[in-house]
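Visitor: I'd like a close look at just one part of this model, please. Pick a spot and walk me through it slowly.

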Amino acid sequence: MSAASRPRRPAPGRTDPPTPAAEPVASSPPDREPKTRSREKLPFLLDFFPLDTADQTRLSAFYDRLRAGRLSTTRCPKDGTLHWPPRVACPDCHTEQLDWVDLPEVGRIYAFSAVLAGAPLGMESDVPFAVGLVDLDGAPLRLFGRIDGRPWNELRIGQTVRVDTYDIGDGRYFYRFRVWDPPDGR
Ligand SMILES: [Zn+2]
């Protein structure tokens, strides 16, 4: 789930922010707010709504568990299907009575790439950094995420990583992967 693909629609009970198209193009009043907000005032990620709480999403357990350091997803108790990303209903049998299960904390890099430019909002100063696909040990899931803990050009396919949960800066949590190798003495 990348920042760019997070849902943009406002949650119930919230008001749409004014869109540029809805604002007058010319003859702005002199006391009007500047059009360009400073970078410091923008959120860390390009999502303007706190979508992780129970009144915002039925998947709030996912974020609650991230806050407790656990990466989890849903599993269907009827057919055993493990979902990713977590679901509110099983895509196979459509039941909404799903179990929450913690995912393995260790995985192996299946593929990776480096972000050298055009990083998501809030991550500009981290460039370059790595993103990749990780196969979790003991679970039939391949997850996309950022990979930290080693310069991108020192990563390799098959390298062991661990799930790392972190505060994105406003109290919400998300996950990354972090290279998990014995110290190499450098
Ligand atoms: Zn099912």
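**Around helix H1**

Guide: Let's start just after H1, where Gly69 takes a positive phi of about 85°. Keep in mind that this is a predicted model, where local features need pLDDT of at least 70 and side-chain atom pairs count only at pLDDT 80 or more, while totals for chains, interfaces and linings use all residues. Residues are numbered from 1 along each chain as its sequence is written.

Now step back into H1 itself, residues 60–67 (helices, of at least four residues, and strands, of at least two, are DSSP runs numbered from the N terminus). Its buried residues are Phe62, Tyr63, Arg65 and Leu66 (buried: 20 or more other C-beta atoms within 10 Å). These four cover an arc of only 160° around the axis, so they sit on the same side of H1.

What do they pack against? The buried residues of H1 meet strand E1 (72–75), E6 and strand E7 (173–179), judged by contacts (C-beta atoms within 7 Å). H1 lies across E6 and E7, and runs at about 55° to E7.

H1 also helps build something bigger: the largest nonpolar core has 14 residues, and Val134, Ile147, Val161 and Phe177 touch the most other members. At least two residues of this core come from each of H1, strand E4 (129–136), strand E5 (142–148) and strand E6 (160–167). Both domain 1 (49–103) and domain 2 (106–179) contribute residues, so the core lies between them.

Zoom in on Val161 to finish: beyond its neighbours within four places in sequence, its contacts include Val134, Ile147 and Phe177, which share with Val161 that top spot for touching core members.

Conventions
Core = buried A, V, L, I, M, F, W, Y, C linked by C-beta atoms within 7 Å. Buried ≥ 20, exposed ≤ 12 C-beta atoms within 10 Å, placed from the backbone. Domains from an automatic or database assignment. Contact = placed C-beta atoms within 7 Å. Arc of directions from axis to C-beta. Axes fitted to C-alpha atoms, helices over the stretch in contact; angles between N-to-C directions.
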